[in-house]
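Hi,

Here is the structure I said I would pass on. Have a look at it first, and my notes follow underneath.

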Amino acid sequence: MKVLKSTLAACIVAASSVSAFAATEPQRVQVSGEIMDTWCYYSGVMGGQDAVVGSAHHTCAVWCAAGGIPVGLLTDEGEVYLVLEVEGSGTGDGNDTLLDIQSDRITADAMLYERDGFKYLVVEKVVSNEGITNLNHEDFGVIPAFSIPKSARGG
């Protein structure tokens, strides 16, 4: 987990330092979507993108956030925003607010920052929270079978 966090943090720092002059002015926005686990979503380590969101991935998303993996907000249009802060608390320390909203569909009032096409949010207020609305555990199981090691499946 530490290697994953370090690698992702290094990528973010590298992307930020290379493009110091490409940043846009921050804008106040309201964005709706699902709070999700960026590591599993982008790496594909737990399967396709449909399997790493919603109720099928909730437990893993909580554990990843608790371990300091950055979280994102996935919109209905498939756009992902990296979330740097929620209501005054950083997202790298697994704070309770962040853990409570994992896999939930929220509407966030936030400041949007963008640099080289990389978009991130500082969420000032969670305007609404619909809870977990993507109940895909019926398709993928509570823990997707492909994410269980073969030795644990008896194979």
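Keep in mind that this is a predicted model. I went through strand 5 and its neighbours, then the cysteines.

Let's start with strand 5, which covers residues 105-115. Eight of its 11 residues are buried, so strand 5 is largely enclosed by the rest of the structure. It pairs with two strands that I looked at. Strand 1 (residues 27-37) runs antiparallel to strand 5, with eight bridges joining them. If you want a spot to click on, Val29 has Ala110 in strand 5 as its bridge partner. Strand 6 (118-129) is also antiparallel to strand 5, and here 10 bridges join the two. For that pairing, try Leu112, whose bridge partner in strand 6 is Leu121.

Strands 5 and 6 form a hairpin, with two residues between them. Asp116 is in that turn and has a positive phi of about 50°. Is Asp116 buried or exposed? It is exposed, with a relative accessible area of 51%. The cut-off for exposed is over 50%, so at 51% Asp116 passes it.

At the other end of strand 5 there is another residue to check. Ser103 is in the loop between helix 4 (96-100) and strand 5. Its phi is positive too, near 70°, and it is not a glycine. I flag these two because most residues other than glycine have a negative phi. Where Asp116 is exposed, Ser103 is buried, at a relative accessible area of 2%.

Now the cysteines. How many disulfides does the structure hold? Zero. Why does Cys40 have no bond to Cys60? The sulfur of Cys60 is the closest cysteine sulfur to that of Cys40, but at 3.7 Å it is too far for a bond; the cut-off for a disulfide is 2.5 Å. Cys64 is in no disulfide either, and its nearest cysteine sulfur, again that of Cys60, is 4.0 Å away. As for accessibility, Cys40 counts as buried at 2%, and Cys64 is buried as well, with a relative accessible area of 6%.

If you only open two places, I'd go for the turn with Asp116, between strand 5 and strand 6, and the sulfurs of Cys40 and Cys60.

Cheers

Definitions and conventions:
Residues numbered from 1 in each chain as written. Predicted model: local features only at pLDDT ≥ 70, side-chain atom pairs only at ≥ 80, totals over all residues. Heavy atoms only, no water. Helix = DSSP H or I, 4+ residues; strand = E, 2+ residues; numbered from the N terminus. Buried < 20%, exposed > 50% of the residue type's maximum accessible area, 1.4 Å probe, protein only. Pairing = 2+ DSSP bridges.
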